[in-house]
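Hello,

Here is the structure we spoke about. Please look through it first; my notes on what I found follow below.

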Amino acid sequence: MRINVRQFECAIVQYQSLIFTICLTMTKNYFDAEDLAQETFLSAYRNWNRFDGENPKAWLTAIAVNKCRDFLKSPARKSLPLPEEDAALLRDPGGLPEEQAEDRMSKEHIRGLCGRLKEPYRSVAESYFCDEKKLSELARESGQNIRTLETRLYRAKKLLKALWEEEQQ
Amino acid sequence: MNGLFLPDGHVENQVLLDFSEGKLGPEEMLGVAEHLGSCEICAERLAEAFDSGKPSAPPAGFAEEVRRRLPQRETGAELFLYSARVVLAACAALFLVFSGTLRTLAGTQNSYLDITAPGFSAVEQISSRLNGFSQQILHWEVFQHAEKKK
């Protein structure tokens, strides 16, 4: 089936919560879940010619489950220990994890984790994960190049995944 | 894995509900996921189980980030139009060079000497044909643009 980009973009908006929730439930890591949910849609886009067009919800669900399953079984998924160059981007690299929040998925807890990053990673992480800002909005407000912000967000996510994992241990 | 699957090989309803609520142990979850990844019926049922619960919203910028990461596809039509524009630019450049327009723009006076002018008829012919060709490409592009707009 030939892809209609506009329809696909509607599907992202329609199913993003479902796919994210599936990934979050399986990985129990907010930042891994966000990454895997993105990968689910990208994989769906790349393989759209294999889709019969009948049931996008079931198809996306299957892709998300497969992505998470492969991720959980992969030995490379462990983020710890952080490489030295990454640890240097934390505000207290040798510090103990903060006292565990009751609800690890709460905005307060996620903000607390973002707060452990050094600038410029902290502000982009807080804006994206806590303040409901899109990167394009942040680029407009700050005057910074969106590619720069993307790179920072990518790096911030890597650190946040490790911090989350550290808390779980 | 006992108790997870029905006799027909599909996943038990309660198991799907437990899956959606994160109540399955890691081994059980992976075992069920193995089936879900290739069974449209159970994948649909799992999605419904999640829909009946409390969904978690991704960050507000999620959809925009996915869109940004989508591969940029160059369709055949776009490549053709790009090539047409390149050819048009090349034709326009040749036309300018051979038609004397440049000299006119520079404002240089033609000096008339008593010299037999060399025969440029072949060049003029080529120039005229290229001009006609570039006009055709221009009309084609306008037509394509109008079609796209429809």
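**A buried lysine and its salt bridge**

A:Lys161 is buried, its relative accessible area being 15%. This is a predicted model, so everything below is computed from predicted coordinates. The side chain of A:Lys161 forms a salt bridge with that of A:Asp35, with 2.4 Å from N to O. That pair ties together distant parts of the chain, since A:Lys161 sits in helix α8 of chain A and A:Asp35 in helix α2 of chain A, 126 residues apart.

A search over all chains of the whole structure gives 18 salt bridges. One of them is formed by the side chains of A:Glu119 and A:Arg122, at 3.7 Å from N to O. A:Glu119 is partly exposed at 43% relative accessibility, and A:Arg122 is partly exposed as well, with a relative accessible area of 22%. Elsewhere, salt bridges with shared partners connect A:Asp32, A:Glu34, A:Asp35, A:Lys157 and A:Lys161 into one network. Both residues of the pair described at the start, A:Lys161 and A:Asp35, therefore belong to this network.

**Chain A overall**

Chain A has eight helices and zero strands. Along the sequence the pattern reads α-α-α-α-α-α-α-α. The chain has 169 residues, and 51% of them count as buried. Among the contacts in chain A with a separation of 6 or more, 67% are between residues 24 or more positions apart. The area that chain A exposes is about 8,500 Å², with 46% of it supplied by carbon and sulfur atoms.

**Where chains A and B meet**

Which residues of helix α4 of chain B are buried? This helix covers residues 62-69, and the buried ones are B:Phe62, B:Ala63, B:Glu64, B:Glu65 and B:Val66. Their cover includes five helices of chain A, namely α1 (5-27), α2 (30-46), α6 (121-130), α7 (135-142) and α8 (146-168).

A salt bridge also runs between the chains: the closest N and O atoms of A:Lys57 and B:Asp51 are 2.7 Å apart. The pair joins two chains because A:Lys57 lies in helix α3 (residues 56-73) of chain A and B:Asp51 in helix α3 (residues 40-51) of chain B. Is A:Lys57 buried or exposed? At 18% relative accessibility A:Lys57 counts as buried, whereas B:Asp51 is partly exposed with a relative accessible area of 43%.

A:Thr21, in helix α1 of chain A, is another residue that meets chain B. A:Thr21 counts as buried because its relative accessibility is 6%, and the cut-off for buried is under 20%. The side chain of A:Thr21 reaches the backbone nitrogen of B:Ser56 at 2.9 Å. Leaving aside residues up to four places away in sequence, A:Thr21 touches B:Phe50, B:Lys54, B:Pro55 and B:Ser56.

**Aromatic rings**

Over all chains the count is twelve aromatic pairs. One of them is A:Phe41 with B:Phe62: the ring centres are 6.0 Å apart and the planes stand at 70°, so the pair is edge-to-face. This pair crosses between chains, from helix α2 of chain A, which holds A:Phe41, to helix α4 of chain B, which holds B:Phe62. A:Phe41 and B:Phe62 are both buried.

A:Phe51 and A:Trp59 make a stacked aromatic pair, at 4.5 Å centre to centre with 15° between the planes. A:Phe51 and A:Trp59 are buried too. In addition, one aromatic cluster is formed by A:Phe20, A:Tyr30, A:Phe31, A:Tyr128, A:Phe129 and A:Trp164.

**A nonpolar patch on chain B**

What makes up the nonpolar surface patch of about 270 Å²? The patch consists of B:Leu94, B:Val97 and B:Phe98. B:Val97 lies in helix α5 (residues 76-99) of chain B. With 53% relative accessibility, B:Val97 counts as exposed, because the cut-off for exposed is over 50%.

Regards

Terms used:
Residues numbered from 1 in each chain as written. Chains lettered and ligands numbered in written order. Predicted model: local features only at pLDDT ≥ 70, side-chain atom pairs only at ≥ 80, totals over all residues. Heavy atoms only, no water. Helix = DSSP H or I, 4+ residues; strand = E, 2+ residues; numbered from the N terminus. Buried < 20%, exposed > 50% of the residue type's maximum accessible area, 1.4 Å probe, protein only. Contact = heavy atoms within 4.5 Å. Areas by Shrake-Rupley, 256 points an atom, 1.4 Å probe, with all protein chains shown as cover. Patch = residues over 30% accessible without salt bridge, like charges linked within 9 Å, V, L, I, M, F, W, Y side chains within 5 Å. Salt bridge = Lys/Arg side-chain N within 4 Å of Asp/Glu carboxyl O. Phe/Tyr/Trp six-rings, centres within 6.5 Å; stacked < 30°, edge-to-face > 60°. Polar contact = N/O pair within 3.5 Å; in protein donor to acceptor, adjacent residues only side chain to side chain.
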